[in-house]
Amino acid sequence: MSIDTDSAPRPLRTGRPIRVWMRQTGWRHLVGAVIVVFSIFPLVYVFSASLNPGGTLITANSLFRNMSLDSYVELFDRPQQPYAAWFGNTLFIGLTSSAGSVLLGALAAYAFSRMRFTGRRVGLITLLLVQMFPQLLAMVAIFLLMLSIGEIFPAIGVNSQMGLILVYLGGALGVNTYLMYGFFNTIPQSIDEAARIDGAGHARIFFTIILPLVSPILAVVALLSFIATTNDFVVASVLLIDPDKQTLAVGLYQFISQETSQNWSIFAAGAVLAAIIPVALFLALQKYIIGGLTAGSVK
């Protein structure tokens, strides 16, 4: 009598030995835990320094030994260093620059992706080459240019937040256009052709059809532009002179720039509060960054 091996019950699957589990999966958890600890430690150190009333780097080394909220209270109680104004200026400049960068970059990327015109290829290569040079090299030229523009239009010259926003928009246009151009090319042109047959023009196709399909790259560009503008120190410190118009990156430096009046506790408290905006923006845009809205657009 023969036994049918196909119909015979299979033995229950037992757990893997710890050595096999470590070799196949466990090492990934170990590497992830090390990366998490390595990433969180600076945040814990800054948060501990913000709660330490000592105000020096030596006292900041003792994590959570002395805790007080005096640094957070004093942060908003210094008329010569208006932290609340810096916070509002950073929010205004960052959000305006981010929205402008997304709109201008999307318009330029749509033109390069969907239209065929003389100089298109040269324009794309020029955008790529220009971005290879750091913006710091053009700092003198930018300052002289803004100084000349300010003599005619003071609203967008030196010591003007709108002028700083225009500099940010011009500096980020090239890289954002090139970044969006690759994503726009993944959208089939048959969608444009179908909409054009129905009578839609370029503006209607761009705002009602293309932009919703490329929302992941718009979210990425918006987040990167906001982080870049809020973290910028060189351009903002040169163009913004009045303390009431400065940003957080420039203003916070005043707490530790003077040799005889360095206060690292207040500086750390300001840094902790300044991190709230980028984190909140990342959490708000996370679903657009992770989700691929174009995956089913063709269907």
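**Note on a predicted all-chain model: helices, cores and pockets**

1. A place to begin is Ala 195, which sits in helix 8. Because its relative accessibility is 8%, Ala 195 counts as buried, the cut-off for that term being under 20%. Beyond residues up to four places away in sequence, Ala 195 touches Ala 200, Ile 205 and Ile 209. The last of these, Ile 209, is 14 residues from Ala 195 in sequence, while the two C-alpha atoms are 8.6 Å apart in space.

2. The reader should keep in mind throughout that this is a predicted model. The chain contains 15 helices and 0 strands, and 35% of its 299 residues count as buried. If one takes the contacts between residues at least 6 apart in sequence, 70% of them join residues at least 24 apart.

3. Which residues have the most contacts inside the largest nonpolar core? They are Ala 106, Met 180, Phe 184, Ile 210, Val 214 and Leu 218, in a core that has 26 residues. Two or more residues of this core come from each of helix 4 (83-114), helix 7 (161-184), helix 8 (189-197), helix 9 (202-213) and helix 10 (215-231). Helix 10 supplies the largest share of the core, 6 residues.

4. Leu 218 shows how parts of the chain meet in the model: with its neighbours within four places in sequence set aside, Leu 218 is in contact with Val 102, Ala 106, Met 180 and Leu 211. Another core, of 15 residues, lies apart from the largest one, and its members include Ile 142, Tyr 168, Val 235 and Leu 239.

5. The unreviewed UniProt entry carries the annotation "transmembrane region" for residues 26-47, 91-112, 124-150, 162-184, 205-228 and 264-285. Two of these annotated spans can be set beside the model. Residues 26-47 are 100% helix and 0% strand, with end C-alpha atoms 31 Å apart. Residues 162-184 are likewise 100% helix and 0% strand, and for this span the end C-alpha atoms lie 30 Å apart.

6. The largest pocket holds about 650 Å³ of space. Its lining is made up of 27 residues, and those that lie nearest its centre are Gln 131, Gln 135, Tyr 168, Gly 171 and Ala 172. Helix 5 (120-130), helix 7, helix 10 and helix 11 (234-239) are the elements that give two or more residues to this lining, and helix 7 gives the most, with 9 residues. Sorted by class, the lining of the largest pocket has 17 nonpolar, 9 polar and 1 charged residues.

7. The second largest pocket contains about 460 Å³ of space. Among the 18 residues that line it, Ala 271, Val 272, Ala 274, Ala 275 and Pro 278 are the closest to its centre. Helix 1 (18-51), helix 10, helix 12 (248-252), helix 14 (264-274) and helix 15 (276-290) each give two or more residues to the lining of the second largest pocket. That lining divides into 15 nonpolar residues, 3 polar residues and no charged ones.

8. Helix 7 deserves a further look for the sake of Asn 176, which lies in it. Is Asn 176 buried or exposed? Asn 176 counts as buried, because its relative accessibility is 8%, which falls under the 20% limit. Not counting residues up to four places away in sequence, Asn 176 touches Ser 101, Val 221 and Ser 225.

9. Ahead of helix 7, the loop that joins helix 6 (139-152) to helix 7 contains Asn 159. The phi angle of Asn 159 is near 65 degrees, which is a positive value in a residue other than glycine. Since its relative accessibility is 16%, Asn 159 also counts as buried.

10. The final point concerns Gly 251, a residue of helix 12, which is an element that also contributes to the lining of the second largest pocket. Gly 251 counts as buried because its relative accessibility is 0%. With residues up to four places away in sequence left out, Gly 251 touches Trp 86 and Gln 246. Gly 251 and Phe 87 are 164 residues apart in sequence, yet their C-alpha atoms are 9.5 Å apart in space.

Technical notes: Residues are numbered from 1 along each chain as its sequence is written. This is a predicted model: local features need pLDDT of at least 70, side-chain atom pairs count only at pLDDT 80 or more; totals for chains, interfaces and linings use all residues. Side-chain values use heavy atoms; hydrogens and water are left out. A nonpolar core is a set of buried Ala, Val, Leu, Ile, Met, Phe, Trp, Tyr and Cys residues joined through side-chain atoms within 4.5 Å. Buried means under 20% relative accessible area, exposed over 50%, partly exposed in between (1.4 Å probe, protein chains only). Helices (H or I, at least four residues) and strands (E, at least two) are DSSP runs, numbered from the N terminus. Contact means heavy atoms within 4.5 Å. UniProt positions are given in the numbering used here, feature names are shortened, and annotations may be inferred rather than shown by experiment. On a 1 Å grid over the protein atoms alone, a cavity is a set of points where a 1.4 Å probe fits but cannot get out, and a pocket is an open set with protein on both sides within 12 Å along at least five of seven lines; lining residues have an atom within 4 Å of a point. Grid points are joined across faces, edges and corners, and a volume is the space filled by probe spheres set on the points. Ala, Val, Leu, Ile, Met, Phe, Trp, Tyr, Cys and Pro count as nonpolar, Asp, Glu, Lys and Arg as charged, and the others, Gly among them, as polar.
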